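Biologist: Could you walk me through this model and tell me how each label was earned?
Modeller: Gladly, let us put it on screen and begin.

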Amino acid sequence: MSYVSNVTQSNEAWLNNEKTFIVLGQFQDEPVSVQADAISAQLNAALKLGDFKGKTGENRTFYLGGKTIVVTGLGKKDKFDADAARKAAGQACRIAISRKVNNIAIECFGGEEYSQAIGEGVTLGSYQFLDYKTKKKDTFELSSVTVLGGEKDDIQKGATIGSSVCFSRDLGNHPGNTSTPTHLANVAQSIAKEGNMSITVFEREEFTEMGMGGLAGVAQGTDEPPKFIILEYYGAEDKDEKPKVLVGKGLTFDAGGISIKPGASMDEMKYDMCGSATVLGVMHAIASLKPKINVVMIVPSTENLLGAKAYKPGDILTAYNGKTIEVLNTDAEGRLILADGLSYASKHYDPEFILDFATLTGAILFALGHEATGVMGTNNALMDQVKASSKNTGEKVWGFPLWPEYCKQIKSDIADVKNMGAPRQAGSIAAGAFLKEFVGKDIPWIHFDIAGTAWGGKPTSIDPKGSATGWGVRLVLDLLNV
Ligand code: BES
Ligand code: ZN
Ligand code: ZN
């Protein structure tokens, strides 16, 4: 994992700060804001000529008294928000990395109110996945960032949250032969230690015995030990306060099972544990920030492979809540392991609400591409909170309906439900409708289909090219008021 971990704050003016590489901001169509005559005059001339306009993503380099000053465009002032501040901070780090500069100072773009976003932006923008590069010349890492101005505590909080997103990205980026269910359990163990949480891991024999037929069924085809992982964090003053429960799909490689996937791009199915990476990322942040809330995380985790012991189309499985499931396609396995996760959460925790995160359907990519996560659930007030947090963090969501017409589509002729809806129709909603069968009555619940957003999007200054994004960690932390 690589991201800048040394993030500090200083109230010095940039001219006095010891760092020799400084990034300052300039709004579009606003008077020059850089405080240094030698630069202001040149910047003014460039603005007048239209050589530099202050548009988002534009940069201009100046040199003064041994310092290199990059002026970066912040766009129109009235459009500037936390997302723009985050991206400008990310951009500053990308510039430093591309020029092989180790230590930089940046302005707290937009002012004090954006301190947290700036802290997030520097960690997210400096993220690189270099673990498998063996030649030093192929890598360059940023060592330190000083933020000039802003609120120290908020900047640190932003850096901690950003580092948890980077942690989540790493889990997703590691290949299936590293990021195994055992690896996820080990990672959960170290989070538990750091955050004073309790951890329970059920092994294959235990969860099979307990009646988790969904996870047991999917895991039949692999020798890699599957796990059912639970982290419990009780930080609220009232330990009896209902916990908020987060469930994540931890499918560490999805070959599709007997209903095997086509070979092209099958490697991308290493990202099929990104739901677990989201909820582990949230718990990672909670372990450091120690908020006064109760949170439980549940990750059912296995591979979905094919072999002599693998489960088959037509098999009927019994989930933890006793419902029977007809398996019509072994590639619709995520909903089977989540069925046990959601049933377990509903039975054992009297949750205030349940949120689940899963790279669940290819159909969500057809609907929304890599731009937004599909959300659906049973509670409008909770959905409103999700949408408000989505606005705050810039992680886009789009709602889908779970109308009775759709819910009927997953009824089976011979079992209670089947693991597919109508072929080639509303596939993401069918998956959501299936999951609803395993959420306890009256428990507010929202399902996040992150198959498009968890990886592979267009790069931005805070999102890496084509790889795991850590989607949702920031949104959930905002929703939990961490
Ligand atoms: N892991 C996949 C969904 C997926 C597809 C994630 C593309 C990321 C990118 C999931 O397990 C799956 O295979 N779903 C099937 C369901 C179908 C058989 C009903 C799908 O979407 O094709
Ligand atoms: Zn699948
Ligand atoms: Zn899958």
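**Labels and their reasons**

Modeller: Beyond the residues within four places of it in sequence, Gln28 is in contact with Lys53, Gly54, Lys55, Gly75 and Lys76. Keep in mind that this is a predicted model.

Biologist: Where is Gln28 found, and why does Gln28 count as buried?

Modeller: Gln28 is found in strand S2, residues 21–28. Its relative accessibility is 14%, and buried means under 20%, so Gln28 counts as buried.

Biologist: What makes Val282 buried or exposed?

Modeller: Val282, found in helix H8 (residues 274–289), has a relative accessible area of 1%. The cut-off for buried is under 20%, so Val282 is buried. Not counting residues up to four places away in sequence, Val282 touches Leu246, Val473, Val476, Leu477 and Leu480. One of these, Val476, is 194 residues apart from Val282 in sequence, yet the C-alpha to C-alpha separation is 7.1 Å.

Biologist: How do you know that Cys93 is in no disulfide?

Modeller: A search of the whole structure finds zero disulfides. For Cys93, the nearest cysteine sulfur is that of Cys166, 10 Å away. A disulfide needs the sulfur atoms within 2.5 Å, so a pair 10 Å apart does not count. Seen from Cys166, the nearest cysteine sulfur is that of Cys93.

Biologist: And why are Cys93 and Cys166 called buried?

Modeller: Cys93 has 0% relative accessibility, and Cys166 has a relative accessible area of 0%. Buried means under 20%, so the label fits Cys93 and Cys166.

Biologist: Which residues of H2 and H3 meet, and how are the two helices packed?

Modeller: Helix H2 (residues 82–98) and helix H3 (residues 115–125) pack at an angle of about 35°, with axes 7 Å apart. The crossing of H2 and H3 is right-handed. On the H2 side, the residues are Ala82, Ala85, Arg86, Ala89, Gly90, Cys93, Arg94 and Ile97; they meet Ala117, Ile118, Glu120, Gly121, Val122, Leu124 and Gly125 in H3. The residues of this contact divide into nine nonpolar, three polar and three charged.

Biologist: What about H3 and helix H4?

Modeller: The axes of H3 and helix H4 (residues 152–173) come within 7 Å and cross at roughly 35°. H3 passes H4 in a right-handed crossing. Among the H3 residues in this contact are Glu120 and Leu124, while the H4 residues include Ile161, Val165 and Cys166. Here the division is six nonpolar, seven polar and four charged.

Biologist: Why is the aromatic pair of Phe129 and Tyr132 called tilted?

Modeller: The whole structure holds 13 aromatic pairs. In the pair of Phe129 and Tyr132, the planes are 55° apart and the centres 5.8 Å apart. Centres within 6.5 Å make a pair, and planes under 30 degrees apart would be stacked, over 60 edge-to-face; 55° falls in the rest, so this pair is tilted. The pair of Phe434 and Phe438, with centres 5.1 Å apart and planes at 40°, is therefore tilted as well.

Biologist: Are these rings buried or partly exposed?

Modeller: Phe434 and Phe438 are buried. Phe129 has a relative accessible area of 26% and Tyr132 a relative accessibility of 46%. Partly exposed lies between 20% and 50%, so Phe129 and Tyr132 are partly exposed.

Biologist: Which residues do ring pairs link into a cluster?

Modeller: Phe202, Phe228, Tyr320, Tyr344 and Tyr349 are linked that way.

Technical notes: Residues are numbered from 1 along each chain as its sequence is written. Chains are lettered from A and ligands numbered from 1 in the order in which they are written. This is a predicted model: local features need pLDDT of at least 70, side-chain atom pairs count only at pLDDT 80 or more; totals for chains, interfaces and linings use all residues. Side-chain values use heavy atoms; hydrogens and water are left out. Axes are lines fitted to C-alpha atoms, for helices over the stretch in contact, and angles run from 0 to 180 degrees between N-to-C directions. Helices (H or I, at least four residues) and strands (E, at least two) are DSSP runs, numbered from the N terminus. A crossing is left-handed if the near helix is turned anticlockwise from the far one by less than a right angle, and right-handed if clockwise. Contact means heavy atoms within 4.5 Å. Ala, Val, Leu, Ile, Met, Phe, Trp, Tyr, Cys and Pro count as nonpolar, Asp, Glu, Lys and Arg as charged, and the others, Gly among them, as polar. Rings of Phe, Tyr and Trp (its six-membered ring) pair if their centres lie within 6.5 Å; planes under 30 degrees apart count as stacked, over 60 as edge-to-face and the rest as tilted. Buried means under 20% relative accessible area, exposed over 50%, partly exposed in between (1.4 Å probe, protein chains only).
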